[in-house]
Structures are given as C-alpha cells and as structure tokens.
Amino acid sequence: MSVEDGRAYLQSAYPIIYPIVLERAKGIEIWDVDGNKYLDFFSGFGVINYGHSHPKIVNAVKEQMEKIAHIGMIYYNVPALELAKKLAEIAPGDLKKTYYANSGTEAVEGAIKLAKKYSVKVQGKTGAYVIAFDFAFHGRGALTLTLTHERKYKRHLGHFANYPGVVHLPSPYCFRFPGDVETCKNYTLEKVDEYVRYHLGSENVAAIIMEPVMGEGGIIVPPDGWLKELEKIARENDVLLIMDEVQSGFGRTGKIFAHEWEDVRADIMTMGKALGAGLPLAGTMTTEEVDKAWEPGDHNVTFSGNPVACAAGLAGIEVMLEEKLHENAHKVGEFIMKKLRDSALPAIGEVRGRGLFIGIELVKDGKKPDPELTKKVKEGMFKRGYIIGTGGMFGNVVRIEPPLTVTMDQADKMTDDLIEVIKSS
Ligand SMILES: Cc1ncc(COP(=O)(O)O)c(C=O)c1O
C-alpha cells in the first residue's frame, strides 16, 4: 500500500500532513511500510496514552474477541460493566454512571442531550442555551461543530454548524489577553457570570461546557483557580457543568482527569481518545442525580458498550495505574517544559501545559503568531524522525503529546532536537 493508494481510495477530507503509510508500532516507536522508524510524540491525536501495542492491552483484546465481539446495549455485558465500575472508582467528585459512545463527538452530543433533558425535565427550565468558550474544540458533528469555536472548521457548510442556543464566551487564553493574568482571569469569569445571570438568564441555561485544558485551541491552561470559580458560577445558578476530558483524560495531564488539578466537581464528564486504549471508545459519566433525567431508550448507539473496546479500555486503565503512567506524565512533562523555557528562544512566546499535554506557542516580532515557522518546525522534526502535532487558532502552537510511557532520555533527546530545529528553521 502506498500514499498514491490513499489519494485514490480515501476521501479528500482527511488532513494528511505526513506522506507516509504506517504499518506497526511499539511503545513510542512507529514504522512505515518502507521500514522507516519514527518517534511518536503525538499519540494519534492524544489517544495512545499507554504506549503502542502494550502486551496487556493486546491480550485483553484477543481474549475478548474470542469470547464475544458485539451484542448491543439491550443486555449488559461483562467488559462494559467492569469498565464502568472501574471508571466509577477513578472518576473525581460524584461522577458514577457511564454511558458509552464511539467518538468524542458522540460523547459531547450525549452530554448536551443529557444536560438539556435534566434542565427541562428535572429542573423545569427551558434548556435553551449552552455556554461554550472561544478556542474550544468539541468535535465536528452539527451540534459539536457549533460548540467548536474556530471558523476554519465551519467553512462552506451552510447552516450545518449552526445549532441554536450555543453561546461562546471569551476563554482564559491569557497569553493573548490585553492585560495581566489576574485581569484575564477576572474578566473571563465575570463574562460567564454576567451571561448566565443577565444576558441569557439562569433559567434558560442548561450547561456550561469547558475543556479543563483546551487542546486543539492550542493547549490553553486556565489560570489557577479559574475552573473552581467557573464551578462556583455554575452551582450558584443551578447550571450543569460539563468537563470535556476527551483529550485531557486518562493521565495525559499528570492527574487521571485534568479537572482534578482544581478539585472541580463536574455534573457530566465526556471521555474519548485514550478511553479505548487504541480502540474507538468514548463516553460520558454523570452523577446519580443528573442520571435521573434519562428514561430507558432515551439514548443509545449500535456499538455502545462494545465488549472488545471496553476490555481494551479496562486493560488500559489497569496499565496506567500499575505503571503509574500519570505520574510519569507529570515528571517528564515538567522536565520538557522547563528545558524549553530555559532555552529562552525569542521564537518561543510561551510554553504551557500540564503533564504530557504541552503547547509551544511560536511567535515573531514580539508576540505575533508565526504559523510559517511552526510548519517548518514540524517538517524539520519529521526529517529527524519525530511525529509532533500543531494547533491553535493561528496555527502557531507546536503540540507535544507522546505516549505517557515516554522515558526521560527519549524526552530529553526530543527536546534538544526541537530546540535545535526551532533555532535553525
Ligand atoms: C476536547 C475534545 N472534545 C471532543 C473531541 C472530538 O472527539 P472525536 O474526534 O473522537 O470525535 C475532541 C477531539 O479532538 C477533543 O479534543
């Protein structure tokens, strides 16, 4: 199979950036069909938290495949229950009950549907509005694309990304805020409070949805205390708080879930990416209280609770806990970020992130976004055998999201190479 086959037989929607055909992978190493080796510092969009082809996960999939591959959620099945129980053990706050989906997009759709139903049926509100944030990414379906902020994802789609009742408010992207961090924090929180209370009316707001670390938007970490204050606004106004942990969950930020950094209690949490440890699996968790809104048959998809995906997910969580991968993410992530900050390169406007969810914002002439340099850096790193990501509204953020199994030596070498590539690009 070749790149030409890809161009001939796959639809043009795919953002193929790297002209290679991949064949196999182990740990953080990937090989293409021509035998070239790459180091994966992007984990397939932040999915492979537990390393490629981890033997425990591979075995769990093989064993489950031999037992039963699919049945559908008109029965319970063993892996779906085992995983749900494990999720209830590791999830923060009062999150206890799981619904399974196939993708992060579907998980977010399900979360909004549940929030609206709770708001109308249980709280007796109109459920008309959902608040999301500038720079947010919540998926590419009709509702989720509406929640996603950036216009680049919504071009030439008519009213496809125009779901009613979605309101975007300024996000705490303090690097680009015209003022200091404290002012940025206060201003963005005041806007939420103002909108909930006065512009929309709390009786009309079903939920606030926020990524605890905004991934696609450029690895934006809200300032200390911001999420906790957001929770307070939600609580004071009886508005549900949805934490979108699709990208930030399962150890990526150094905690099992990113909103644990601020000890936030979410009403609904969305999960995806690493949940299936490489298989397509996503979902939502909610509290016993919010779950009251559902009636049997209200929500389901064909592949929900797929036993093989759930078996992989359970094995993945066990690997994370046994190998303390979230702790490794914290340690290695801090190391990478410190080294990049210490390099004091003028082209690095900001290094930010938590754990192994790292963004490096590249700039020129002070703070102007430098997407051209970012592209060159990605190409330069690829020439040295690294796969990295880029993102941010201006396309000027280098994203480093390796499997959480990455060693200090591998991280050290990559960081040296990255600094050299930025210098020479
Ligand atoms: C925070 C967040 N939510 C939702 C999604 C959508 O997930 P998926 O691509 O699996 O549909 C993503 C994907 O990047 C994401 O980062």
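Two strands pair if DSSP finds at least two bridges between them. The exercises below apply this criterion and others to a predicted model.

**Exercise 1. Determine the strand order of the seven-stranded sheet and identify which strands stand at its edges.**

Solution.
Step 1. The order of this open sheet is 4-10-9-8-7-5-6, and its pairing is mixed.
Step 2. Strand 4 (97-101) and strand 6 (166-169) each have a single partner strand, so one side of each lacks a neighbour in the sheet and these two are the edges.
Step 3. On average, neighbouring strands of this sheet are turned by 20 degrees against each other, direction ignored.

**Exercise 2. Trace the pairing from strand 5 to strand 10, giving the sense, the number of bridges and an example of residues that stand opposite each other.**

Solution.
Step 1. Strand 5 (residues 129-133) runs parallel to strand 7 (residues 205-210), and three bridges join them. Here Tyr129 is opposite Val205, and Ile131 is opposite Ile208.
Step 2. Strand 7 is in turn joined to strand 8 by four bridges, again in the parallel sense. The bridge partner of Ile209 in strand 8 is Ile242.
Step 3. Strand 8 (residues 240-244) pairs with strand 9 through three bridges, in the parallel sense. Ile242 is found opposite Ile268 of strand 9.
Step 4. Between strand 9 and strand 10 (residues 282-286) the sense is antiparallel, with four bridges. Met269 has Met285 in strand 10 as its bridge partner.

**Exercise 3. Decide whether the residues of strand 9 and strand 7 are buried or exposed.**

Solution.
Step 1. The cut-off for a buried residue is 20 or more other C-beta atoms within 10 Å of its own.
Step 2. In a regular strand, side chains alternate between the two faces of the sheet.
Step 3. In strand 9 (residues 268-271), Ile268 and Thr270 lie on one side, Met269 and Met271 on the other, and all are buried; both faces are therefore covered.
Step 4. In strand 7, six of the six residues are buried, so this strand is largely enclosed by the rest of the structure.

**Exercise 4. Establish which strands helix 5 and helix 7 touch when they pack on the seven-stranded sheet.**

Solution.
Step 1. The sheet in question includes strand 5 and strand 7, which are joined by three bridges.
Step 2. Helix 5 touches strand 4, strand 5, strand 7, strand 8, strand 9 and strand 10, and its direction makes about 30 degrees with that of strand 10.
Step 3. Helix 7 (residues 181-200) touches strand 5, strand 6 and strand 7, and its direction makes about 145 degrees with that of strand 6.

**Exercise 5. Describe the surroundings of Ala282.**

Solution.
Step 1. Ala282 belongs to strand 10.
Step 2. It has 26 C-beta neighbours inside 10 Å and therefore counts as buried.
Step 3. Leaving aside residues up to four places away in sequence, the contacts of Ala282 include Ala101, Asn102, Ser103, Gly104, Val246 and Met271.
Step 4. Thr98 is 184 residues from Ala282 in sequence, while their C-alpha atoms are 10 Å apart in space.

**Exercise 6. Characterise the shell around the ligand.**

Solution.
Step 1. The ligand is surrounded by 15 residues, the closest being Ser103, Gly104, Thr105, Val246 and Gln247.
Step 2. Helix 5 (residues 104-122) supplies the largest share of the shell, three residues.
Step 3. Sorted by class, the shell holds four nonpolar, eight polar and three charged residues.

**Exercise 7. Analyse the crossing of helix 4 and helix 10.**

Solution.
Step 1. The axes of helix 4 (residues 78-90) and helix 10 (residues 307-322) come within 8 Å and cross at roughly 35 degrees.
Step 2. The crossing is left-handed.
Step 3. Helix 4 contributes Pro79, Ala80, Glu82, Leu83, Lys86 and Ile90, which meet Pro307, Cys310, Ala311, Gly313, Leu314 and Ile317 of helix 10.
Step 4. These contact residues comprise nine nonpolar, one polar and two charged.

**Exercise 8. Find the edges of the four-stranded sheet and describe how strand 1 pairs with strand 2.**

Solution.
Step 1. This sheet is open, has the order 1-2-3-14 and shows mixed pairing.
Step 2. Strand 1 (22-26) and strand 14 (386-387) are the edges: each has a single partner strand, so one side of each is left without a neighbour in the sheet.
Step 3. Strand 1 is antiparallel to strand 2 (residues 29-32), with four bridges. Lys26 has Glu29 in strand 2 as its bridge partner.

Key: Residues are numbered from 1 along each chain as its sequence is written. This is a predicted model: local features need pLDDT of at least 70, side-chain atom pairs count only at pLDDT 80 or more; totals for chains, interfaces and linings use all residues. A residue is near a molecule or strand if its C-beta atom, placed from the backbone, lies within 6 Å of it. Ala, Val, Leu, Ile, Met, Phe, Trp, Tyr, Cys and Pro count as nonpolar, Asp, Glu, Lys and Arg as charged, and the others, Gly among them, as polar. Axes are lines fitted to C-alpha atoms, for helices over the stretch in contact, and angles run from 0 to 180 degrees between N-to-C directions. A crossing is left-handed if the near helix is turned anticlockwise from the far one by less than a right angle, and right-handed if clockwise. Two residues are in contact if their C-beta atoms, placed from the backbone, lie within 7 Å. A residue is buried if 20 or more other C-beta atoms lie within 10 Å of its own, exposed if 12 or fewer, and partly exposed in between; C-beta atoms are placed from the backbone.
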